[in-house]
Amino acid sequence: MTTSARVRTISAELAEIVGARDVLHADDVGPDYGHDEALHLEPVTPMVVVRPSTAEQVAALLRYAGEHAVPVTARGSGTGLSGAARPLADGMVISFENMAEILEIDVDNQVAVVQPGVGLAALDEAAGRVGLMYSVYPGELSASIGGTVGTNAGGMRAVKYGVTRHNVLGLQAALATGALIRTGGAIAKVSTGYDLTQLIIGSEGTLALATEVTVKLHPRLAYSATILAPFATVDEVVEIVPSVIATGCAPVVLEYIDAMTMASITHSQDLALGIPDALRDSAQAYLVVSLENRDRDRLDGDIELLGSLVAERGALDSFVLDGGSARALITAREKAFWTAKAAGADDIIDMVVPRTAMPVFLTRSRELATAAGGVAIGCGHAGDGNVHLAIFCPDAEARRTLLHDIFALGMGMGGAISGEHGVGRAKSAHFAELTDPEVVAVMREIKRGFDPAGILNPGVLFGEGEPG
């Protein structure tokens, strides 16, 4: 059978599961299905795109894929940064765009039950109508819940509320065998057997596909403010972070932004923060602390406490941003990736290290970049040690060596290659080379147990030619 005949046959058989309208192949496959937002991976057009509408259809698609050895890549909104949503040329993309319904907002239990294609913006709006919020916000409101489950997405609010795994209580998931299982639920804790919910979260589509997600909601607090403090050095900014945490003010955002990144994001977003030119010229980095409270007076007390702290620790000044200015700064920070991409960054990394290791890690990362003929600049979630660096190093081989050296540096400090973007295809070789072989071996066995035929996102995490 020729390749084109095989594609037509497979498409016709998949149409019996989801309907002909929701099976795309050949010229019907649009370019968006071939990539996510990873910077240096070329798009790949998949053999077929299928858009199921029910969990049962997802299960049937996986059963078919297993029987016919068709590799499967799940796709939400395609906003990931590690290449985990880039398909294979002979594979099937299961797109969850038709599974985007909020099934329930349970106010009393403070949970929502949603389909994987639900976008963060839609959930935020629905929860807000009843005074609640979903706290995971990776800086892109078009991201889907299913995608954030796949990568264990974090974001700026993680310093207070945690990452995705801290906010997902249960799943319905389709296994590679075509079975549907439920894990967890609208319950606050569980100590019954293996925690499959947490195992599936962050597995980047290699173990199972979430078809329904139960997430934790939080009260939406009435008062908020953001403190912006410029410092003369990056080290001073990151060194103050443990002291900010120790105040007990529970910042909802605790970020560092280096001077070059601040200049870029404020320029690209046409953002004026009222910082005098002389002060801006003296600052090499900024601390951004956002606070929230149900009580205005308590919020004011926290602002005063942190204002005194940053002054004592050498801040050149501090500014309290309320309302629109605060939102504009946070929005600009959230768009840092797009700013770096527009500036021609060759890669983006999200290494995570212990908070106290950040000063040395940042200094040595910049030194490594300079030695490689490149530049490393950026910002990060200082409150949880998650460093986001834009890497400018056009030579591919030099860049690979530089990234490897930066990852090795951070892991030697007790860190991990990715804090929230995932390994995907972009970092799989570094993961395989730098991770304890015994740990990788255990992960491979888990992969085989969930996906014996190796159809779920082959090449992701373990690299090409490895199981799954």
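Okay, let's start with A336, which sits in helix α12, the stretch covering residues 336–342. Keep in mind that what we're looking at is a predicted model.

So, is A336 buried or exposed? Its relative accessibility is 12%, and since buried means under 20%, A336 counts as buried.

Who are its neighbours? If we leave out residues up to four places away in sequence, A336 touches I265 and C379. There's also a distance you can check on your screens: take the C-alpha atoms of A336 and A390, and you'll find 9.3 Å between them, although the two residues are 54 apart along the chain.

Right, on to the cavities. How many are there of 30 Å³ or more? The count is 1. As for its size, the largest cavity has a volume of about 60 Å³.

Now, what lines the largest cavity? From the early part of the numbering we have A38, L39, H40 and L81. Then come D347, I348 and I349, followed by L403, F407, A426 and K427. Two elements each give two or more residues to this lining: β16, at 347–349, and α14, at 396–412. Which of the elements gives the most? That's β16, with 3 residues.

And what kind of residues are they? The lining of the largest cavity splits into 8 nonpolar, 1 polar and 2 charged. If you want to try the sorting yourselves, D347 and K427 are both in that lining, and Asp and Lys count as charged.

To recap: A336 is a buried residue in helix α12, and β16 gives the most to the lining of the largest cavity. That's it from me, thanks!

Note on methods:
Residues are numbered from 1 along each chain as its sequence is written. This is a predicted model: local features need pLDDT of at least 70, side-chain atom pairs count only at pLDDT 80 or more; totals for chains, interfaces and linings use all residues. Side-chain values use heavy atoms; hydrogens and water are left out. Helices (H or I, at least four residues) and strands (E, at least two) are DSSP runs, numbered from the N terminus. Buried means under 20% relative accessible area, exposed over 50%, partly exposed in between (1.4 Å probe, protein chains only). Contact means heavy atoms within 4.5 Å. On a 1 Å grid over the protein atoms alone, a cavity is a set of points where a 1.4 Å probe fits but cannot get out, and a pocket is an open set with protein on both sides within 12 Å along at least five of seven lines; lining residues have an atom within 4 Å of a point. Grid points are joined across faces, edges and corners, and a volume is the space filled by probe spheres set on the points.
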